[in-house]
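Grab a pencil and open your viewer. Here are some short exercises, each with a worked solution.

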Amino acid sequence: MTYDLLIRKGTIVDGLGGEPYVGDVAVQDGIIKAVGAIDGATARCEIDATGLLVTPGFVDLHTHYDGQAIWSDRLTPSSAHGVTTVVMGNCGVGFAPCRREDHDVLVDVMAGVEDIPGVVMTDGLPWTWETFPEYLDAVESRQRDIDVAAYLPHSPLRVYVMGQRGADREPATPDDLAKMRALAKEAMEVGALGFASSRLMIHKTESGAPIPSYDAAREEIQEIARGVVDGGGGLLQFVPDIPAGGYQPVLQTVFDVAEEVGLPVTFTLVVANAGDPTWPDAITMIEKANKNAGAGGAHFTAQLLPRPIGLIIGLQLSANPFVLYPSYREIAHLPLAERVAEMRKPGVRARILADKPGVGHPILYVAQAWDWIFPLGDNPNYEPDPSDSIGARARARGVNPMEEAYDRLLDDDGHAMLLVATSNLHNNSLDTVGELLHREDVVLGLGDGGAHYGMICDASYPTFMLAHWSRDRASGRFSVAEAVRELTSVPARVAGLGDRGRIAVGYKADLNVIDHAALRLHKPVITYDLPAGGRRLDQAADGYVATVVSGHIIAENGVPTSARPGKLVRGRRFAPPAETTW
């Protein structure tokens, strides 16, 4: 037998948590055709995986590649970290459906919520679509390295149906609700994986207003959910407004609707660094909802990042502790070298440090959470020692934290980066995160690839999961098999993509060959490869010997190939006939 691809003598990690074993994997026509000891066969391409891990491709449930999937053929950072399938449209924001006269409204939403510069979207999006089906056709018509799937996003849907009334968050009329239900049905029928929404308080437009979906009534969520059911079903993704009083008030509404119509729910979970924890309430709600749903009913899961949800701040990025200060803004337009020279002048330093912040996006104010801000070096540490924080460093020096932050921003001639760990470091460690991730109702997510271009670079979390949690961490570790399961079959199951996420005959040939001992994250870098020369953060890794999508090698040793086999995934996928259970 001659195969397209044969991976020889690797340590196969099946994606289901089974004990790794040494064997071969054969691929033909994008499908895994044989697994185990494959003797006497040849292949057009062979990979010697002796001493290396062979895993399924990773699935990322929470991305925002809605724009990048249009203007780019590579979905980095995700595809540089073993991810072979991404789900976009999260948080209820996106670019369809949308009438021509509402383009600016959606650009304003995405610029504010996802930190995508307006000019990038203006130059990068051809807007050859109006409806959601037309948008999916546009996505499908473009080549890219990995697969994409999409939710129907709430904010564009609301504006499409209600116009300015929707943008202004006016209550939906019965006629509005009927139209939303019909459009949700249509979206599911053409391949949406479900429906996504948000009412997170800090999700604001660039103009400073709450996003259109922020305070949508239960009746609106209910009618859209019924539309999802009408169209064949799907997943409800939701971001609750945690700062506004915990999970209970809003999340219960979504859970009640989901239980009523029989749909699964996945939502954002964070672990506060300090104060009374709110996550136990969310876990209690999940347990109750899953119990009520029964074995054949809806399944409720929380998505959790395996490291701190973190902003990256610096003089070249969207945020730094002084970005709202009028005295800093006077020089913020200067090229970096000139700005650094100005900031090193004693008079300028004194004036900025004595200033007060103006008004800006709420997320910018966390850039002064001194005890949760850490220098981010060449070997980025995402579980840093408390003594490394800006606050602790300032106390050790006997200076104000603002002075310490000011000085650290000038390191490396102004190229320094600082990590703001906004959450997940409860008691200054990731112990609680690890405990939660061992639960069946908590899944990996929140990488946010394709968004927050100048502030967040969390899409590299699969590498962190494998390197930190299953190799380097002293306690609470995951075995390699457990970590791979969390990155593959678990998110595939949640998304309804039963044809991928494991190594077995008949499954989609999305694979990684990994040198686990060599796996290493690099410090994020700033690139200018967005439309109109827009800036974004990117992050590379060592240790990925090969990444395979549909049987095609898309990267070797961190270097992309010319292969672009990625497709649009339309709708949920079932496991191959020989495999009827997970």
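The exercises below go from the whole chain to one sheet and then to one residue.

This is a predicted model, in which local features need pLDDT of at least 70, side-chain atom pairs count only at pLDDT 80 or more, and totals for chains, interfaces and linings use all residues. Residues are numbered from 1 along each chain as its sequence is written, and side-chain values use heavy atoms, with hydrogens and water left out.

**Exercise 1.** Find out how the radius of gyration of the protein chain fits the value for a compact globule.

*Solution.* Start with the rule: 2.2 Å times the number of residues to the power 0.38, with the radius taken over C-alpha atoms. For 582 residues, this puts a compact globule near 25 Å, and the protein chain, at 23 Å, agrees. Next, look at the box along the principal axes: the C-alpha atoms fill roughly 75 × 60 × 45 Å. Finally, check burial, where buried means under 20% relative accessible area, exposed over 50% and partly exposed in between (1.4 Å probe, protein chains only). By that cut-off, 62% of the 582 residues are buried.

**Exercise 2.** Trace the open sheet of 6 strands and say which strands stand at its edges.

*Solution.* First, the terms: helices (H or I, at least four residues) and strands (E, at least two) are DSSP runs numbered from the N terminus, and two strands pair if DSSP finds at least two bridges between them. The strand order is 9-10-11-12-13-17, with parallel pairing. Strand 9 (152-153) and strand 17 (442-444) are the edges; each has a single partner strand, so one side of each lacks a neighbour in the sheet. Now step inside: strand 10 (residues 194-198) and strand 11 (residues 235-239) run parallel and are joined by 5 bridges. There, Phe-195 stands opposite Leu-236. To finish, add helix 9 (residues 248-261), which packs on the sheet and touches strand 11, strand 12 (265-268) and strand 13 (300-304). Its direction makes about 165 degrees with that of strand 12; axes are lines fitted to C-alpha atoms, for helices over the stretch in contact, and angles run from 0 to 180 degrees between N-to-C directions.

**Exercise 3.** Locate Ala-96 and decide whether this residue counts as buried or exposed.

*Solution.* Begin with the loop between strand 7 (83-88) and helix 2 (103-114), where Ala-96 sits. Its relative accessibility is 1%, so Ala-96 counts as buried. Then list its contacts (heavy atoms within 4.5 Å). Leaving aside neighbours within four places in sequence, Ala-96 touches Leu-106, Trp-129, Thr-131, Phe-132, Tyr-135, Pro-153 and Pro-156.
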